[in-house]
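User: Please take a close look at one buried polar side chain in this model and at what surrounds it. Then set that part in the context of the remaining polar and charged links.

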Amino acid sequence: MQIETATAASSKTRSLRTRTLGIALLGALLMACAGSPSRVSTDTGATQRNTHENLNAVLWFQDAAEYQAAVIGTYANASRALNVARRDANFSAALEQPTVQPGLRQAVVVDIDETILDNSPYQARLILNGGTFDETSWRAWCNERKALAIPGALSFAQAAARNGVDIIYVSNRDVSVLQATIDNLRALGFPNADEKHVYLRDRPRGWGDKGPRRIEIAKTHQILLMIGDNLGDFSDDYKGTAQQRLALLNEHRHWWGERWFMLPNPMYGSWEYSALEYDYSLDSAAQYQRKTGKLRPAQ
Ligand SMILES: [Mg+2]
C-alpha cells in the first residue's frame, strides 16, 4: 500500500514536473515569440488570410498599450518643452517665423487628425467593410462628430490654455467640415475650438501646404511648439523620396523633442504617398505592388 502510494506519489510528481516543464517551455516559446521582431507564422501559404492592409496598424492604434505609452509620453515631453519655450520671447518652432515680433500672443500649432482627434473608428470601419479611404466616406465620418481625443492631447491643450497659450489647429480637412470639426473639438473640451483658431484646407485661400497658414499665424502669434503626425505638419518640404524625407528630418534633428513633436501614425500619411511615388492614378492592386516593391527583405 505504502509502495503503491509512493509509486503513485512519484508518478504524480513526475506528472507535475512534466506539466511544469511543459508550461515553462510554452512560456519560454511565447516570450521568445513576443520578443522577436518577426513573429512565428503558421501560414503555409495554403491558407492565405484575406487580411486588410491596415489591420495591424488600426488594431495597434486602438488597443496597444505601446501606442498609448508613445503618445502620452510625447505629450508629457511637449508640456515640459512648452514651459521652457514660453519664457523665451525670441523662441519659435516655425521655419516661417525666423524672427519673433514683440507683443504677439503665444501659441502651439497642432495638426488635428491623429494628433488631437482619433479617427481610428473610421479606419476600423473601412477594414470591416473591405473599403479604402475616399473623400466621401471621410467627410461623412467627420460630419458624424464622433472622433475621440488622442490620449494626452486634451490635458496638454487645456494646460497650455490655462497658461495663456492659444491652441491653433492647422489641418488639411476640407473646409466643408469646418463646423463639424469645431463641434467635435468643442464637445471633447478642447480650448480655442472656434473659427478663429481652426485653419482647414482651402481656408482662407486654397492652401494645401501648411506653411502659408503658419505665415498667417506668425503675424499674430509666437509659435512655441508644433505637434503633428506627419512631416507636412512641420515643413512644406515633405514631398520627396524616402531619402529626401530623411534628409529633411536630419536637417532639423535638434528640433525634434524640443519644438517639434511627432506622434506615431502607422495607418496613413505622406510617407505612404512617398512610397507610392506620388502616383495618385494607381489602383489598389498597383499600390500594393508598389509598396511591396519597396520592402527590403533579408538576403
Ligand atoms: Mg494628422
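**A polar side chain and its surroundings**

Analyst: The side chain of Asn192 reaches the backbone nitrogen of Ile167 at 2.8 Å. The model is a predicted one, and the distances given here are computed from its atoms. Asn192 itself is placed in the loop that runs between α7 (178-188) and β5 (198-201). Its relative accessibility is 18%, and because buried means under 20%, Asn192 counts as buried. Once neighbours within four places in sequence are set aside, Asn192 is in contact with Val165, Asp166, Ile167, Tyr169, His197 and Val198. Ile167, the partner in the polar contact, is therefore also on this list of contacts.

Strand β4 comprises residues 165-174, and β5, which follows the loop of Asn192, comprises residues 198-201. Both strands also take part in salt bridges, to which the account now turns.

The structure holds 20 salt bridges. In one of them the side chains of Glu135 and Arg201 meet, with N to O at 3.7 Å. Glu135 lies in helix α5 (residues 135-144) and Arg201 in strand β5, so this pair ties together parts that are 66 residues apart in sequence. Glu135 counts as partly exposed, at 33% relative accessibility, and Arg201 likewise counts as partly exposed, at 22%.

A further salt bridge joins Asp174 to Arg139, where the closest N and O atoms are 3.8 Å apart. Asp174 belongs to strand β4 and Arg139 to helix α5, so the pair ties together parts 35 residues apart in sequence. Asp174 is buried, with a relative accessible area of 10%, whereas Arg139 counts as partly exposed at 31% relative accessibility. Glu135, Arg139, Asp174 and Arg201 are linked in a network of salt bridges.

Elsewhere in the chain, Lys291 forms a salt bridge with Glu272, and the closest N and O atoms are 2.6 Å apart. Here the link is between two helices: Lys291 lies in α11 (residues 284-294) and Glu272 in α10 (residues 270-275), so the pair ties together parts that are 19 residues apart in sequence. Glu272 is buried, with a relative accessible area of 16%.

The magnesium ion provides another link between separate parts of the chain. Its protein donors are Asp111 (OD), Asp113 (O) and Asp229 (OD), which lie 2.1 to 2.2 Å from the ion. Along the chain these donors follow the spacing D-x1-D-x115-D. Asp111 sits in the loop between β1 (105-110) and β2 (117-118), and Asp229 in the loop between β6 (221-228) and α9 (242-251), so the pair ties together parts that are 118 residues apart in sequence. Asp111 and Asp229 are both buried.

These local links belong to a protein with 11 helices and seven strands. Of its 299 residues, 39% count as buried. Among contacts with a separation of 6 or more, 75% are between residues 24 or more positions apart. The accessible surface comes to about 17100 Å², and carbon and sulfur atoms account for 56% of that area.

Notes. Residues are numbered from 1 along each chain as its sequence is written. This is a predicted model: local features need pLDDT of at least 70, side-chain atom pairs count only at pLDDT 80 or more; totals for chains, interfaces and linings use all residues. Side-chain values use heavy atoms; hydrogens and water are left out. Donors are N, O and S atoms within 2.8 Å of the metal (3.2 Å for Na, K and Ca); water is not among the atoms, so sites may look incomplete. Helices (H or I, at least four residues) and strands (E, at least two) are DSSP runs, numbered from the N terminus. Buried means under 20% relative accessible area, exposed over 50%, partly exposed in between (1.4 Å probe, protein chains only). Contact means heavy atoms within 4.5 Å. Accessible areas come from the Shrake-Rupley method with a 1.4 Å probe; for residues, only the protein chains shown count as cover. A polar contact is a pair of N or O atoms within 3.5 Å; within protein, one must be able to donate a hydrogen and the other to accept it, and residues adjacent in sequence count only if both atoms are side-chain atoms. A salt bridge is a side-chain nitrogen of Lys or Arg within 4 Å of a carboxyl oxygen of Asp or Glu.
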